[in-house]
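Take a look at the chain below. Then follow a walk through its parts, one stop at a time.

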Amino acid sequence: MRIGHGYDVHRLTEGRALILGGVKIPFDKGLLGHSDADVLTHAIADALLGAAALGDIGTHFPDTDPAYENADSLVLLSRVCVLLQDAGYAIGNIDSTVVAQAPKLKPHIPEMRKRIARACGVPTERVGVKATTEEHLGFTGSGAGIAAHAVCVIMEINGAD
Ligand code: MG
């Protein structure tokens, strides 16, 4: 069994769609980035890659590569899961927290969990998504950006025992 951790931040800006966990969320701002800037999906991808010691999302999908411009991060996540599978790992579970002052994310969490689980090829029950604010403190509290944390457990499936 191996544990992974991922963390990501993207800046909020006008004129972009807000995509979290593959769900487009109605809001007057969106996250800035080369891909769709889905900060939650990026944190989860980094947790999975980290658990397998396979580097990070920036190594596999560089933001200097035009192929990933406005990329659907769920597609990148599914590619990460293929890398893990090829390395002989299966996902135990994923847990995550989005840190955002606004908008309210609770109504969107069931759909985020469903989409993340589908991208990873695991049952929805293995994917946790939570949301919190930082009580108006710091860059998430001021609305300058959104952060996401993720952890996961993966298991070796090709082990001798
Ligand atoms: Mg990112």
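Which residues does Gln-101 touch, not counting residues up to four places away in sequence? They are Thr-133, Glu-134, Glu-135, His-136, Thr-140 and Gly-141. Keep in mind that this is a predicted model. Gln-101 sits in the loop between β5 (89-99) and α4 (109-120). One partner deserves a second look. A polar atom of the Gln-101 side chain lies 2.9 Å from the backbone nitrogen of His-136.

Stay in this loop for a moment. Pro-103 is also placed between β5 and α4. The peptide bond that joins Ala-102 to Pro-103 is cis, with omega at about -5°.

Next comes the metal site. Which residues coordinate the magnesium ion? The donors are Asp-8 through OD, His-10 through NE2 and His-42 through ND1. Their distances run from 2.1 to 2.3 Å. Along the sequence, the donor residues follow the spacing D-x1-H-x31-H. His-10 belongs to strand β1 (residues 2-13), while His-42 belongs to helix α1 (residues 39-51), so the two histidines tie together parts that are 32 residues apart in sequence. Are these histidines buried or exposed? Both His-10 and His-42 are buried.

Now turn to the interior. In soluble globular proteins, nonpolar side chains tend to be buried together. Here the largest nonpolar core has 47 residues. Which elements give two or more residues to this core? They are β2 (18-20), β3 (23-25), α1, α3, β5, α4, β6 (127-132) and β7. Helix α1 provides the largest share, 9 residues. The residues with the most contacts inside the core are Leu-20, Leu-48, Leu-77, Met-112, Ile-116, Cys-120 and Ile-154.

Pick two of these and look at their surroundings. Start with Met-112. Leaving aside neighbours within four places in sequence, Met-112 is in contact with Leu-20, Gly-21, Val-23, Ile-25, Leu-40, Leu-105 and Val-129.

Then find Ile-154, in strand β7 (residues 145-156). How much of Ile-154 is accessible? Its relative accessible area is 0%, so Ile-154 is buried. Residues up to four places away in sequence are again left out of its contacts. Ile-154 touches Met-1 and Arg-2, as well as Leu-48, Ala-51 and Ala-52. The list goes on with Leu-84, Tyr-89, Ala-90, Ile-91 and Gly-92. Tyr-68 is another matter: from Ile-154 to Tyr-68 the C-alpha distance is 26 Å, with their positions 86 residues apart in sequence.

Tyr-68 has a ring partner. A search of the whole structure finds 1 aromatic pair. Phe-61 and Tyr-68 form this pair, which is edge-to-face. The ring centres are 5.3 Å apart, and the planes meet at 80°. Both Phe-61 and Tyr-68 are buried.

Move on to the cysteines. Why does Cys-81 form no bond with Cys-120? The sulfur of Cys-81 is 3.5 Å from that of Cys-120, its closest cysteine sulfur, and this is too far for a bond. A disulfide would need the two sulfur atoms within 2.5 Å. Cys-152 is in no disulfide either, because its nearest cysteine sulfur, that of Cys-120, is 9.1 Å away and the limit is 2.5 Å. The count for the structure is 0 disulfides. Cys-81 is buried, with a relative accessible area of 9%. Cys-152 is buried too, at 2% relative accessibility.

Finish at the exposed loops. Ala-53 lies in the loop between α1 and α2 (57-60). Its phi is near 50°, a positive value in a residue other than glycine. Ala-53 counts as exposed because its relative accessibility is 57%.

Asn-70 lies in the loop between α2 and α3 (73-86). Its phi is also positive, near 55°. At a relative accessible area of 51%, Asn-70 is exposed. Glu-69 is placed in the loop between α2 and α3 as well. Is Glu-69 buried or exposed? Glu-69 is exposed, with a relative accessible area of 51%. From Glu-69 to Ala-45, the C-alpha distance is 17 Å, and the two are 24 residues apart in sequence.

Note on methods: Residues are numbered from 1 along each chain as its sequence is written. This is a predicted model: local features need pLDDT of at least 70, side-chain atom pairs count only at pLDDT 80 or more; totals for chains, interfaces and linings use all residues. Side-chain values use heavy atoms; hydrogens and water are left out. Buried means under 20% relative accessible area, exposed over 50%, partly exposed in between (1.4 Å probe, protein chains only). Donors are N, O and S atoms within 2.8 Å of the metal (3.2 Å for Na, K and Ca); water is not among the atoms, so sites may look incomplete. Helices (H or I, at least four residues) and strands (E, at least two) are DSSP runs, numbered from the N terminus. A polar contact is a pair of N or O atoms within 3.5 Å; within protein, one must be able to donate a hydrogen and the other to accept it, and residues adjacent in sequence count only if both atoms are side-chain atoms. Contact means heavy atoms within 4.5 Å. A nonpolar core is a set of buried Ala, Val, Leu, Ile, Met, Phe, Trp, Tyr and Cys residues joined through side-chain atoms within 4.5 Å. Rings of Phe, Tyr and Trp (its six-membered ring) pair if their centres lie within 6.5 Å; planes under 30 degrees apart count as stacked, over 60 as edge-to-face and the rest as tilted.
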